[in-house]
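Dear colleague,

Please find below the structure I agreed to pass on to you. My notes on what was found in it follow directly after.

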Amino acid sequence: MLELVSHGPDPRDGRVYDMPDGLPLAVDVALAANRPLLLCGAPGSGKSSLAPFYAREHDMRYYEHVVTSRTQATDLLWTFDSVRRLADAQAHRGRLNNGDYIEPGVLWWSLAPESAHTRGGLVQPFDRHDPLERFYRDHHTKRAVVLIDEIDKADPDVPNSLLVPLGSLEFTVAETRTLVRHEPSVPAPLIIITTNGERDLPQAFLRRCVTFTLPDPTRDSLVRIAQLHLTHEGAELDKGTLRLAGALADELVAVRRDNDVRRERLPSTAEYLDALRACRALGLTPEHPQWPLVRSLTLAKSTQQEL
């Protein structure tokens with residue numbers, strides 16, 4: 001399990017999350033159908049925070065992979081260090097085993113932790129008297145949660161190449177010809193895939209997912225999220241703080257509804273929390289002369305700023 005730590009404004013530590021109506025059922029359906037949950041929504045809407053929250057709340061293993069334009073489907077399954085292997089070959093280090101250069105990816109660890117521990121079929125026997133190994137065996141009987149973040153950043157071939165591993169829960173490591181299958185000793189993982197909608201996903205991929213779109217933020221949902229975060233951060237929820245949270249929520253909703261200001265994207269919950277933290281740290285209230293500037297810096301972010 002990856003250690004969840006909290007640093008910065010986007011901690012991804014799974015401690016705070018507001019589950020909108022319908023999302024708990026979507027997770028249950030994905031688990032019951034043994035299908036990935038495709039979570040749709042604008043950047044900053046909280047898609048990436050669901051997976052670590054669910055893993056923490058249900059005491060599950062947690063893995064994540066942030067997709068980029070260079071991501072290949074195999075990166076989620078395994079990686080092969082060809083550079084190190086070439087260096088070893090040039091150094092004449094005897095007969096090389098390709099399994100030594102295999103690094104299991106997040107889907108491998110979630111489906112078959114025992115196999116991943118041996119890395120591509122290289123048997124490394126357990127020491128049954130080692131307490132760490134006993135912990136490993138106990139821990140890896142738990143279900144895993146896997147976050148595949150921003151799948152729409154990848155080339156369209158990536159989701160298509162994941163159809164078989166996600167559907168059959170097995171794949172073959174090309175370099176070692178090792179068949180990796182879901183190990184019956186662990187429940188099938190909950191795979192949460194996020195998309196910002198920047199690129200259409202293949203229909204065959206969508207068919208194999210349970211899909212849920214996060215709703216647009218409302219005043220009530222924003223204030224509720226603010227209270228969760230402030231409580232987690234140890235802040236006192238006095239009248240002034242709640243008034244500030246409500247005023248900023250009103251500002252964000254107004255900006256999202258303003259059709260007179262051109263902008264590439266609408267402000268999200270993430271910007272709302274940024275504005276809230278900034279105002280609390282700087283002692284700014286709606287009556288402050290610089291309140292409109294705070295609005296443009298954190299919420300509006302338009303090409304035609306109204307200062």
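Which residue forms a salt bridge with E233? In this predicted model, the partner is R277, and the closest N and O atoms of the two are 2.9 Å apart. E233 lies in the loop between α10 and α11 and R277 in helix α12 (residues 269-282), so the salt bridge ties together parts that are 44 residues apart in sequence. E233 is partly exposed, with a relative accessible area of 40%, and R277 is likewise partly exposed, at 26%.

Two further salt bridges involve helix α11 (residues 239-257). D250 of α11 pairs with R219 of helix α10 (residues 219-232), so parts 31 residues apart in sequence are tied together; the N to O distance is 2.7 Å. D250 is partly exposed at 38%, and R219 is partly exposed at 38%. The side chains of E287 and R243 meet at 2.3 Å, N to O, linking the loop between α12 and α13 to helix α11 across 44 residues. Here E287 counts as exposed, at 53% relative accessibility, whereas R243 is partly exposed at 46%.

The count of salt bridges comes to 9.

Helix α11 also packs against helix α13 (residues 291-300): their axes come within 11 Å and cross at roughly 60 degrees, which makes α11 oblique to α13. The crossing is right-handed. From α11, the contact is made by L244, A247, L248, E251, L252 and V255; from α13, by W291, R295, L299 and A300. These residues divide into 8 nonpolar, no polar and 2 charged.

With kind regards

Technical notes: Residues numbered from 1 in each chain as written. Predicted model: local features only at pLDDT ≥ 70, side-chain atom pairs only at ≥ 80, totals over all residues. Heavy atoms only, no water. Axes fitted to C-alpha atoms, helices over the stretch in contact; angles between N-to-C directions. Helix = DSSP H or I, 4+ residues; strand = E, 2+ residues; numbered from the N terminus. Parallel < 35°, antiparallel > 145°, perpendicular 65-115°, else oblique. Left-handed = near helix turned anticlockwise from the far one by under 90°. Contact = heavy atoms within 4.5 Å. Nonpolar A, V, L, I, M, F, W, Y, C, P; charged D, E, K, R; others polar. Salt bridge = Lys/Arg side-chain N within 4 Å of Asp/Glu carboxyl O. Buried < 20%, exposed > 50% of the residue type's maximum accessible area, 1.4 Å probe, protein only.
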